[in-house]
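Reader: Could you take me through one part of this model up close, and then show me how it sits in the rest of the chain? I'd like the loop residue you find worth a look, and then whatever surrounds it.

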Amino acid sequence: FILTILAAPGDSKAGVHIMILELLELLSVESSFPRHLLSLGGLQILMSQLEATSSPSLNLLSILANISRDAYARRFLLSSGWLHRIPSLLSPPLVPLEALALEDAGARQAQVQAQVVVKILEMVANMAISEAAKPQLVSLLPFLVQALKEGSSDASSHSARAIAALSFHEGNREAIRQAGGIDALAHLLRNPPSSSSSSPSSSLMSNVVWAVEALSANDH
């Protein structure tokens, strides 16, 4: 029923659509959710929402990031052709972390944009697991390297994980080098952010180490 409402067009339903997306975001963390969503045609509806706007909501991107952990959902997302949208969604410049400390409307907008970037990069990292997606995602290497250099710990962590997965495709390794991926990873290894074991920075360094090891192993 709620998917039917979400599929219905009309500005008058915008508030209801937001509430539905918030509910679906909460449900999307459950492991069984992607299969249920697929069986009900809900993923098609979400993809229609994504295609209908140049600035998708953070809720929608969070749902897609969560369900992209599922292999069946990844296959659907890949077949839907949504990968072509990613460069346009990542085109706004990444927000320097210092900007997020400013207490004004612009800082709030910057913070939301930073969260949007994190969710998109999380989707990319999840999709990079798929062998069929690896050749298509190589075009995103400039964005991944930029996130390693300038993004938040979460953005950099997802980027490192994506680069590691992409390196398992032989044709991507030279592209990773040419995009500056190895230099960016090496810089993070030499200059790790100060962190505790429970902080996002710990996850970042784990993924950086994995990416370096994957690139080294796949060179032989």
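Author: Let's start with serine 28, which sits in the loop between α2 (14–27) and α3 (33–39). One thing to keep in mind from the start: this is a predicted model.

Is serine 28 buried or exposed? Its relative accessible area is 2%, and the cut-off for buried is under 20%, so serine 28 counts as buried. Its side chain has a polar partner: it reaches the backbone oxygen of glutamate 25 at 2.7 Å. Setting aside residues up to four places away in sequence, serine 28 touches Phe33, Ser62, Ile63, Asn66 and Ile67.

Two of those names are handy for moving outward. Take Ile63 first: besides touching serine 28, Ile63 is in contact with leucine 46. Leaving out neighbours within four places in sequence, the contacts of leucine 46 are Leu6, Leu21, Leu24, Leu37, Leu60, Ile63 and Leu64. Leucine 46 also belongs to the largest nonpolar core, which has 62 residues. Leu46 is among the members that touch the most other members, along with Leu43, Leu64, Trp82, Ile120 and Leu137. Helix α8 (residues 105–127) gives this core its largest share, 9 residues.

Now the other name, Asn66. It touches serine 28, and it turns up again among the contacts of glutamate 122. Glutamate 122 lies in helix α8 and, at 7% relative accessibility, counts as buried. Its contacts, not counting residues up to four places away in sequence, are Ala65, Asn66, Arg69, His158 and Arg161. Glutamate 122 and alanine 155 are 33 residues apart in sequence, with their C-alpha atoms 7.7 Å apart in space.

That brings us to helix α11. How buried is α11? Of its 14 residues, 12 are buried, so α11 is largely enclosed by the rest of the structure. The buried ones include His158 and Arg161, both of which touch glutamate 122. Alanine 155 is on the buried list too, as are Ile163 and Leu166. The helix geometry is easy to check as well: at 1.5 Å a residue, the 14 residues of α11 (residues 153–166) should span 20 Å, and the end C-alpha atoms are 20 Å apart, which agrees.

Past α11 comes another loop residue, asparagine 172, in the loop between α11 and α12. Like our serine, asparagine 172 is buried, at 2% relative accessibility. A polar atom of its side chain lies 3.1 Å from the backbone oxygen of leucine 166. Leaving out residues up to four places away in sequence, asparagine 172 touches Lys134, Pro135, Val138 and Leu166.

In α12 (residues 173–178) you'll find isoleucine 176, buried at 0% relative accessibility. Isoleucine 176 touches Leu141, Ile163, Leu166, Ser167, Gly181, Ile182 and Leu215, again without residues up to four places away in sequence. So Leu166 is a contact of both asparagine 172 and isoleucine 176. Isoleucine 176 and leucine 144 are 32 residues apart in sequence, and their C-alpha atoms are 9.7 Å apart in space.

One more helix is worth a stop: α6. Aspartate 70 caps its N-terminal end, with a side-chain oxygen 2.9 Å from the backbone nitrogen of tyrosine 72. Within α6 (residues 71–79), the buried residues include Phe76, Leu77 and Leu78. Just after α6, glycine 81 takes a positive phi of about 80°.

Stepping back to the whole chain, there are 14 helices and 0 strands. Buried residues make up 45% of the 220 residues. Among contacts between residues at least 6 apart in sequence, 68% join residues at least 24 apart. The accessible surface comes to about 11,000 Å², and 57% of it belongs to carbon and sulfur atoms.

As for confidence, the chain averages a pLDDT of 82, and 84% of the residues score at least 70. By element, helix α5 (residues 58–67) has the highest mean pLDDT, 92, and helix α1 (residues 2–7) the lowest, 76. Over residues 95–100 the pLDDT is below 50, and that stretch has 9 contacts in the model beyond near neighbours in sequence.

Key
Residues are numbered from 1 along each chain as its sequence is written. Side-chain values use heavy atoms; hydrogens and water are left out. Helices (H or I, at least four residues) and strands (E, at least two) are DSSP runs, numbered from the N terminus. The expected span of a helix is 1.5 Å times one less than its number of residues. Buried means under 20% relative accessible area, exposed over 50%, partly exposed in between (1.4 Å probe, protein chains only). pLDDT is the predictor's confidence in each residue, from 0 to 100. Contact means heavy atoms within 4.5 Å. A nonpolar core is a set of buried Ala, Val, Leu, Ile, Met, Phe, Trp, Tyr and Cys residues joined through side-chain atoms within 4.5 Å. A polar contact is a pair of N or O atoms within 3.5 Å; within protein, one must be able to donate a hydrogen and the other to accept it, and residues adjacent in sequence count only if both atoms are side-chain atoms. Accessible areas come from the Shrake-Rupley method with a 1.4 Å probe; for residues, only the protein chains shown count as cover.
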